[in-house]
Amino acid sequence: MGQVKLNYPADGLTSPTSWGSKDSIKNMMAKIYKDYGKYIDFVANESNLPKEMIASFIAVESGGNAKAGGSGHITQGLMQWNRTYAKAMLEKEKKEGRMTKAEQDKLASYGIKFDANGKTRAITNADQLKPELNILIGTMTLGQLVDTDWGTDDDEIKLDRIIAVYNAGAYGDTGKKARSKQYKTPKALAQAVNPTTRAYINKILGYNGALHLTRDVKTA
Amino acid sequence: MNKNVKIILGIGIGVGLIYLGYKYFFKEDTKGATDSSKEPIVYDKKSREVVLVENA
């Protein structure tokens with residue numbers, strides 16, 4: 001695959017002022033790095049994804065609150081992934097030879113091990129509330145989306161499409177639009193999807209959004 | 001059946017059908033319902049090198 005670009009901020013998109021001022025977003029990103037930087041560094045290194053991108057998803061999904069999400073809700077924690085799909089995602093990562101030894105060892109330290117057939121145990125609500133594990137599984141999910149034919153196109157990561165699918169799912173109206181490759185710019189896709197997902201795309205990819213402002217934040 | 005009751009029932013059924021149609025044609029998955037395990041993977045994460053490029 002080699003080198004791919006992740007362009008930011010996207011033309012014509014701006015982070016909604018309702019999400020916070022520039023300073024408040026910078027402060028949030030700084031706190032995320034302070035609280036979870038060592039976990040983010042680990043998964044960024046193993047997944048070959050930028051730590052800025054991972055931290056941006058944490059910011060939008062939970063604001064850095066490891067306990068975010070309603071009690072018992074199917075999505076929980078820092079990156080708000082769905083625990084019912086996490087098991088299949090992990091087994092796919094393992095089956096396709098994508099899982100690094102360090103990732104596998106890290107999962108094992110949380111009791112998530114694979115049998116001879118590549119199967120693992122169900123992922124629980126308690127698992128979702130563990131910051132390091134939540135970031136690891138969330139980043140693996142993002143990695144699988146990045147490595148689809150629509151997630152990376154023309155040697156460029158299409159983060160707008162990835163955000164849309166991560167937020168709204170792959171197979172609803174928004175997901176279908178994101179995966180169609182018909183929307184050539186983040187602005188075009190943002191205009192075509194539901195308001196919640198549109199705001200999400202703006203928060204990460206827009207001017208004064210998480211990815212734009214994280215350049216000014218100490219990340220190590 | 002009283003005429004007004006029929007009208008109210010008709011409106012109710014009509015609204016219900018419109019709602020069901022909307023749900024069918026414009027449905028979204030539930031939040032966080034991304035099942036990445038069903039999406040074919042075509043790139044190797046181990047050889048991926050991402051370069052952040054800040055637009056001017």
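Which residues in H3(A) meet which residues in H6(A)? The first close-up takes up that question, and the other views follow from there. Please keep in mind throughout that this is a predicted model.

**Figure 1. Helices H3 and H6 of chain A cross at roughly 65 degrees.** Here we look at H3, residues 83-95, and H6, residues 131-146, whose axes come within 10 Å. The crossing of this pair is left-handed. On the H3(A) side, the contact is made by A:Ala86, A:Met89, A:Lys92 and A:Glu93. Their partners in H6(A) are A:Ile137, A:Met140, A:Thr141 and A:Gln144. Sorted by class, the contact has four nonpolar, two polar and two charged residues.

**Figure 2. Chain A as a whole, for orientation.** Before the next close-ups, a step back may help: chain A has eleven helices and three strands. Read from the N terminus, its elements run β-α-α-α-α-α-α-β-β-α-α-α-α-α. The C-alpha trace spans about 50 × 35 × 35 Å along its principal axes. A compact globule of 220 residues would have a radius of gyration near 17 Å, and chain A, with 17 Å, agrees with this. Of its residues, 53% count as buried. Among contacts with a separation of 6 or more in chain A, 65% join residues 24 or more positions apart.

**Figure 3. The largest nonpolar core holds 62 residues.** The residues with the most contacts inside this core are A:Met29, A:Ile40, A:Ile54, A:Ile135, A:Ile201 and A:Ile204. Helix H1 of chain A, residues 22-47, gives the most to the core, with ten residues. For a closer look at one of these residues, take A:Ile201: leaving out residues up to four places away in sequence, A:Ile201 touches A:Leu13, A:Asp160, A:Ile163, A:Ala164, A:Pro186, A:Leu189 and A:Ala190.

**Figure 4. Helix H10 of chain A is largely enclosed by the rest of the structure.** Why is H10, residues 195-205, described in this way? Eight of its eleven residues are buried, so the rest of the structure largely encloses the helix. These buried residues are A:Thr197, A:Arg198, A:Tyr200, A:Ile201, A:Asn202, A:Lys203, A:Ile204 and A:Leu205. They pack against strand E1 and helices H2, H7, H8, H9 and H11 of chain A.

**Figure 5. B:Glu49 is in contact with residues of chain A.** This residue is found in strand E1 of chain B, residues 48-54. B:Glu49 counts as exposed because it has 9 C-beta neighbours inside 10 Å. Apart from neighbours within four places in sequence, its contacts are A:Gly2, A:Gln3 and A:Asn48. Within its own chain, B:Lys38 is eleven residues away, and the C-alpha atoms of the two are separated by 24 Å.

**Figure 6. Backbone details in three loops of chain A.** The loop between E1 and H1 holds A:Pro9, and the peptide bond leading to A:Pro9 from A:Tyr8 is cis, with omega near -20 degrees. A:Asn48, which we met as a contact of B:Glu49, lies in the loop between H1 and H2. Its phi is near 60 degrees, a positive value in a residue other than glycine. A:Asn48 is partly exposed, with 19 other C-beta atoms within 10 Å. A:Lys181, in the loop between H8 and H9, has a positive phi of about 65 degrees, although this residue is not a glycine. With 12 other C-beta atoms within 10 Å, A:Lys181 is exposed.

Key: Residues are numbered from 1 along each chain as its sequence is written. Chains are lettered from A and ligands numbered from 1 in the order in which they are written. This is a predicted model: local features need pLDDT of at least 70, side-chain atom pairs count only at pLDDT 80 or more; totals for chains, interfaces and linings use all residues. Axes are lines fitted to C-alpha atoms, for helices over the stretch in contact, and angles run from 0 to 180 degrees between N-to-C directions. Helices (H or I, at least four residues) and strands (E, at least two) are DSSP runs, numbered from the N terminus. A crossing is left-handed if the near helix is turned anticlockwise from the far one by less than a right angle, and right-handed if clockwise. Two residues are in contact if their C-beta atoms, placed from the backbone, lie within 7 Å. Ala, Val, Leu, Ile, Met, Phe, Trp, Tyr, Cys and Pro count as nonpolar, Asp, Glu, Lys and Arg as charged, and the others, Gly among them, as polar. A nonpolar core is a set of buried Ala, Val, Leu, Ile, Met, Phe, Trp, Tyr and Cys residues joined through C-beta atoms within 7 Å. A residue is buried if 20 or more other C-beta atoms lie within 10 Å of its own, exposed if 12 or fewer, and partly exposed in between; C-beta atoms are placed from the backbone. The radius of gyration is taken over C-alpha atoms; the globule rule is 2.2 Å times the number of residues to the power 0.38.
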